[in-house]
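Subject: Structure for your review

Dear colleague,

Please find below the sequence and structure that I am handing over to you. My notes on the findings follow directly after.

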Amino acid sequence: MSPATAAAISVDDLTVLQRYAGSKDPRAFEVLVHRYQAMVLATCRRVVGNGGEAEDVTQETFLKLAQNAGAIRSNAAAWLHACAVRTSIDHLRRRGTQSRAEQEALGGPEVAPADEAAATWSELKPLLDHALSQLSDADREMLVQRFLLGRSEAD
């Protein structure tokens, strides 16, 4: 992606964010949801693994966007990706705590993963998310645009 293209996408998103933050214009927020809903849902689904729960976490992510729109100073795509990952991880922690409490109340053992490949991927996902969070905004933006939003290498 050329720097001009990245800047045009970021400036446009920042303009929409500022319009929403300043006037709570629902159309501005709708533009952001339309642009990034598929990417946020895919991120949440990858981290959470459950379609219904991923949809709930996606809604929670966009709620956080609405609450923090005025504070976002970098690109919206990278912010939303990072927020979706953090929100998904928080959801998994809450779900794990609830599951352990339920198992403890029932007096039964925790259920182990049924598939070794699933356990391996579940071990890798947090590492991937951590690696993405360590990148600069520009590098994370490039990866989000290419692999999560489907932009071509030329873009």
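Read from one end of the sequence to the other, the protein chain has the pattern α-α-α-α-α-α. It thus contains six helices and zero strands. Please bear in mind that this is a predicted model. Of the 155 residues in the protein chain, 34% are buried. Among contacts between residues at least 6 apart in sequence, 62% join residues at least 24 apart.

**Helix α1 and the loop after it**

Leu14 belongs to helix α1, which covers residues 3-23. Leu14 counts as buried because its relative accessible area is 19%, and the cut-off for buried is under 20%. Leaving aside residues up to four places away in sequence, Leu14 touches Ile72, Arg73 and Ser74. The C-alpha atoms of Leu14 and Ser74 are 7.6 Å apart in space, although 60 residues separate the two in sequence.

Lys24 sits in the loop between α1 and α2. Its phi is near 55°, a positive value in a residue other than glycine. With a relative accessible area of 48%, Lys24 is partly exposed.

**Helix α2**

At the start of α2, a side-chain oxygen of Asp25 comes to within 3.0 Å of the backbone nitrogen of Arg27. The helix itself spans residues 26-48 and has 23 residues. Its end C-alpha atoms are only 28 Å apart, whereas a straight helix would reach 33 Å at 1.5 Å a residue. Where does α2 bend, and by how much? The bend is at Tyr36 and amounts to about 55°. Tyr36 is also one of the buried residues of α2. The others are Ala28, Phe29, Leu32, Met39, Val40, Leu41, Thr43, Cys44, Arg46, Val47 and Val48. After α2 comes Gly49, which has a positive phi near 90°.

**Helix α3**

Helix α3 covers residues 51-68. It has 18 residues, and the distance from its first C-alpha to its last is 26 Å, close to the 26 Å expected at 1.5 Å a residue. The buried residues of α3 are Ala54, Val57, Thr58, Thr61, Phe62, Leu65 and Ala66.

Thr61 has a relative accessibility of 0% and therefore counts as buried. Which residues does Thr61 touch, not counting those up to four places away in sequence? They are Val40, Cys44, Leu80, Cys83, Ala84 and Thr87. Two of these, Val40 and Cys44, are listed among the buried residues of α2.

**Aromatic pairs**

A search of the whole structure gives two aromatic pairs. In the pair of Tyr20 and Phe29, the ring centres are 5.0 Å apart and the planes stand at 40°, so this pair is tilted. Tyr20 and Phe29 are both buried. In the pair of Phe29 and Phe62, the ring centres are 6.4 Å apart and the planes stand at 85°, so this pair is edge-to-face. Because Phe29 lies in helix α2 and Phe62 in helix α3, the pair ties together parts that are 33 residues apart in sequence. The relative accessible area of Phe29 is 18%, so Phe29 is buried. Phe62 is likewise buried, with a relative accessible area of 7%. Through these ring pairs, Tyr20, Phe29 and Phe62 are linked into a cluster.

**Cysteines**

The count of disulfides comes to zero. Cys44 is in no disulfide, and the nearest cysteine sulfur, that of Cys83, is 8.5 Å away. The cut-off for a disulfide is a pair of cysteine sulfur atoms within 2.5 Å, so the pair does not qualify. Cys44 is buried, with a relative accessible area of 0%. Cys83 is in no disulfide either, and with a relative accessible area of 3% it is also buried. Both cysteines are touched by Thr61 of α3.

**In brief**

The points to look at on screen are the bend of α2 at Tyr36, the cluster of Tyr20, Phe29 and Phe62, and the contacts of Thr61, which include Cys44 and Cys83.

With kind regards

Note on methods. Residues numbered from 1 in each chain as written. Predicted model: local features only at pLDDT ≥ 70, side-chain atom pairs only at ≥ 80, totals over all residues. Heavy atoms only, no water. Helix = DSSP H or I, 4+ residues; strand = E, 2+ residues; numbered from the N terminus. Buried < 20%, exposed > 50% of the residue type's maximum accessible area, 1.4 Å probe, protein only. Contact = heavy atoms within 4.5 Å. Expected span 1.5 Å × (residues − 1). Bend = angle between axes of the 7 residues up to and from the residue. Polar contact = N/O pair within 3.5 Å; in protein donor to acceptor, adjacent residues only side chain to side chain. Phe/Tyr/Trp six-rings, centres within 6.5 Å; stacked < 30°, edge-to-face > 60°.
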